[in-house]
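Reader: Could you walk me through this one? I'd like to begin with the core and then turn to how the helices pack.

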Amino acid sequence: MSPEGLSELIDSLVAGEISSDDHDILQQTLKEDSSARDAFRERMDLEVGIQTWASAEVQASSSAAAPTNRSQHTDDGSSSTRTMLLGFAVAATIAMIVGIRLSTLSNDRGQEKSLLDPGRVSDRAQVVGVIRQQDDCEWKIRPVSHAGRLALGKLSLSKGVAELRFDSGTNVTLDAPCEIDVTSPDTAQLLAGNVFVDVTELSNGFTLSTPESRIIDEGTQYGVAVGDESTEVHVFDGRVVWVSATAGMDLQSGFQERIEAGEARSFLRSTPSKFKLVTLGKLQFVRRIEQRIRDSAKGSLIAYDGFENLVGLVRRGRSGLGWSGGWQAGGRGRGPSADVVNSPHDVIFGLDRSGRRHMSLAEGCDVRRMLESPMVLTSGNGVFLSILLSRQRSRTTNEIGSLQVTLEPDLPGRGRRRHQIVSFGVTTDGFPFINSGNIITRTASRIASDRTCLYVLKLAISNRSTFPSLRVYQPDEAVDHAEPSSWTVSGQAGSAEHPPASIRVLTGENSTWHVDELNVGNTWRSVTTQYQVGMN
Amino acid sequence: MTDSPSQAGSGDGVGTDAFVALLVQHRHTLYAFIAKQLVNPADVEEVFQKTSIVLWNKMEHFDADGSFFHWACGIAFNEVRNFLKVQRRSKLHFDAELVELLAEEAAAESELTESRLAALRECMSALSSRQQEILRLCYMGDDSISDVAKCMGRERTALYKQLARLKRKLLDCIQRRIISGAAS
């Protein structure tokens, strides 16, 4: 390849506009030609250098325009940086300290552009952090953005979920519909909708206002929902002080109410000094749910995804625990046509799903999520997986669609599929099945559409073999407190050579499936406890 | 280039200040090391951030007599691999073989990278204000070239070509400065 041709391909790659074919050509060239790699690395040094130069320009201009109330950090790593490097949000902090640009508005460069509103930037150019958002976010009022960083101003999110990551150490997650005005590096006013506020150890404090109040944190994680008639405050960690502002009255002299961790209040907007106690978690803020799942499993839970995802899109990897990243396209290479949707107001196996969410998979969907680390298969022990599955009746045909849940090893390419540990699900004609050792074993009874059933898989390990069993609970059945003596179906012995490293869900044609409450654990109880103790 | 911190702490690790100083000192070369494997700025930033967290958490394991950059490269490479495991199917990325090759070569040229970055700073100042403005617009935000062209009232192709020429000019300038620096 000529140097010019190589340069053009690298240009396309850097611009994010390279075609798949050209990418293959470039990759092959780089593998075979060391001088091409030299040129590529030189070019990437140039790209990083220009990015750094441009970032320094932005920082210089924003610092000159409006220094924040934080300590200023020098480029030589002085001792003043030490206190900034404590705590949970190290990522953003180190990025700030080292001066690398943190322009993660989105991975979609085209979409990022649409956020920029130059007319507003000129008026209020002070930047306060960055914003992360789902790919499908829609804005009624776009965030004010200056060089890829969030500036002061009002924003209104009409669809999706976005996170404002303030340089001051506070992260505010917006759940559409939501309207908020960013007023300083450590203050914002929530005008409507729901937010989750995480004031990290790095922060010197954050004050969220509503039209009728100020909410002052004291080392806190809390959720706020401003509705038409009332404002709810749910505190998960630390405490907050609610200070109401009645008409004509200074905030300082307003009514104050201290709300501790584990408490929630609902304040009337017409009379913000009046409140009533509400149940924490009524609005299902994500952290609370996941923490309860984790606590109840008492260390035997390997992974959990309830899809209570404030970030909404399943790919973002923010929901659940015990995972590495979010749900990704499976082996067919398709983008996941899965989404997080609101659950119906029902009670399933004692679990109240009102206000909660689950994952909806359209027909032909293929998604996979990696576990944080592969499971350990020890002879004499077992692996358990539970999941709620519901097939939605097709509106156009009478045909039934299949679904398959697979435990896959951490192997490259097709090896993952070829050496799958076990899979289970429902066949196209509605029968639950297990596929193990390349033999499919199915039940004798059919599952009706539109019924949410609980599927619990046990994978017993003995020597170098696995022995799968599946228990399917119909909605009117009680979930066993301990491992049942009989199973709905048991599969053939399989190999324990490769430990499970990811969970994959595939749907067939002709139907949409709803998936909820995915648990992976080492004990029966760890994956069924929420159906026994009433986690709602 | 020495990696040894001036304020070494007790034990095998280094003091917090010294560690931060090392991280700050090597931030650009470490960022470049990741960029040579992932290219996409958003991906690079994400992995850089994760790497920073791991480095921080493993600070006590760093041998103050060793090379911080190479220690950090090892951790960054693992983070790149973890990232690609998850992201592989959703975007165009180099395969594991090429990533490993590029990582190996990138880890071996930290001083060259530093020289290039230093030379670039001087080369940037030699550009006209108009040329700097074009680079600033294209790199300062997260706008695509098409968007910048639209804002500037220019054809995308024309801006694309001008940007390519500017980069070529900068590369030439960097090469000249490195050669003259080596000669002197």
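Reader: Which residues touch the most other members of the largest nonpolar core?

Author: Bearing in mind that this is a predicted model, the largest nonpolar core has 98 residues, and those touching the most other members are A:Tyr455, B:Ile34, B:Ala35 and B:Ala76.

Reader: And which element gives this core its largest share?

Author: That is helix 4 of chain B, residues 68–87, which contributes 11 residues.

Reader: What is B:Ala35 in contact with, leaving aside its neighbours within four places in sequence?

Author: With that restriction, B:Ala35 is in contact with A:Met44, A:Glu47 and A:Val48 from chain A, and with B:Val44 from chain B. Another core lies apart from the largest one; this other core has 44 residues, including A:Val127, A:Val197, A:Ala225 and A:Val243.

Reader: Switching to chain B overall, how many helices and strands are there?

Author: Chain B has 9 helices and 0 strands, and buried residues account for 41% of its 184 residues.

Reader: OK, how do helix 2 and helix 5 of chain B pack?

Author: Helix 2 (residues 27–38) and helix 5 (residues 96–107) of chain B pack at an angle of about 155°, their axes lying 9 Å apart. The two helices of chain B are therefore roughly antiparallel, and helix 2 passes helix 5 in a right-handed crossing.

Reader: Which residues make that contact?

Author: Helix 2 of chain B supplies B:Phe33, B:Lys36 and B:Gln37, while helix 5 of chain B supplies B:Val99, B:Leu102, B:Ala103, B:Ala106 and B:Ala107. By type, the residues of this contact between helix 2 and helix 5 of chain B are 6 nonpolar, 1 polar and 1 charged.

Definitions and conventions
Residues numbered from 1 in each chain as written. Chains lettered and ligands numbered in written order. Predicted model: local features only at pLDDT ≥ 70, side-chain atom pairs only at ≥ 80, totals over all residues. Helix = DSSP H or I, 4+ residues; strand = E, 2+ residues; numbered from the N terminus. Buried ≥ 20, exposed ≤ 12 C-beta atoms within 10 Å, placed from the backbone. Axes fitted to C-alpha atoms, helices over the stretch in contact; angles between N-to-C directions. Parallel < 35°, antiparallel > 145°, perpendicular 65-115°, else oblique. Left-handed = near helix turned anticlockwise from the far one by under 90°. Contact = placed C-beta atoms within 7 Å. Nonpolar A, V, L, I, M, F, W, Y, C, P; charged D, E, K, R; others polar. Core = buried A, V, L, I, M, F, W, Y, C linked by C-beta atoms within 7 Å.
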